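Me: I would like a close look at the strand pairing in this model. Please go through it part by part and keep to what the model shows.

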Amino acid sequence: MKRIVSLLLAFVMMASLCACGKGGETATEPTAGGSEIKELTNEDLYGHIDQFTPLAGIYKIWNAEGFKNIANHPDADFEILCNIDMEGAVLAPIPEFSGDIMGADFAVSNFTVEGDGENFGFIGVNKGKVSNLILDKVTFKPGANAKAIGSLAGKNEKTILRATVNGEMTVEKAAADAACGGIVGINTGSLTNTKANVALYYNAPEAATVGSM
């Protein structure tokens, strides 16, 4: 009996030595930080899409250069595919827009709109449709000739639907009969479910109209 017990003990010890003698592969569990998860960028996700050639008649936008391209085709249709950081870009207002911007509730953020035309905003005069667009952390700087002043559009003559603008507007000078609003300065079209969280610093002449439209 003693011999059998000794043989069993020797076998168990040999088995243990074999398990530990393989560099610990079978005894050691993978650590939590063993594999790094890469965060995909817009380039990773959408870099295969040519933003400067319309797809089925629609320009697809996924970075700052694509967003700037709206100004080059103010009568075209655009779809925003993701959140876009404009990285401090300075844009002039689009004088007149008659296409369709489909924002899909993505935010385009961190840029400045600056210009000296009569109709001031991201769009000077909107004759198209802007929907589900969020402009975030945007600075607006109209010039001395501005008469219709808004963050999204100076004048809206067509459709703005479910748009939100967050930022600030500084009006150092403006025309004496200027009209200034949060989303638009003058509205003769459709303005539905819009929101402006825009801090307004206005040095307004007496005849100016400043409202919350």
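Reply: Strand β6, residues 107-115, runs parallel to strand β10, residues 134-142, and eight bridges join the two. Within this pairing, Thr112 stands opposite Thr139 of β10. The model is a predicted one, and what follows describes that prediction.

The β6 and β10 pair belongs to an open sheet of five strands, ordered β3-β6-β10-β14-β18, with parallel pairing. At its edges are β3, covering 84-91, and β18, covering 195-202; each of these pairs on one side only. On average, neighbouring strands of this five-stranded sheet are turned by 10° against each other, with direction ignored.

A further open sheet has four strands in the order β4-β8-β12-β16, and the pairing there is parallel. Its edge positions are taken by β4 (94-97) and β16 (184-187); each has a single partner strand, so one side of each is left without a neighbour in the sheet. In the four-stranded sheet the average turn between neighbouring strands is 10°, again with direction ignored.

The edge strand β16 can be followed to its partner. Strand β12, residues 153-156, pairs with β16 in the parallel sense, over three bridges. Here Ala153 of β12 stands opposite Val184 in β16.

To return to the part asked about: β6 and β10 sit next to each other in the order of the five-stranded sheet, and their parallel pairing comprises eight bridges, with Thr112 facing Thr139 across it.

Technical notes
Residues numbered from 1 in each chain as written. Predicted model: local features only at pLDDT ≥ 70, side-chain atom pairs only at ≥ 80, totals over all residues. Heavy atoms only, no water. Pairing = 2+ DSSP bridges. Axes fitted to C-alpha atoms, helices over the stretch in contact; angles between N-to-C directions.
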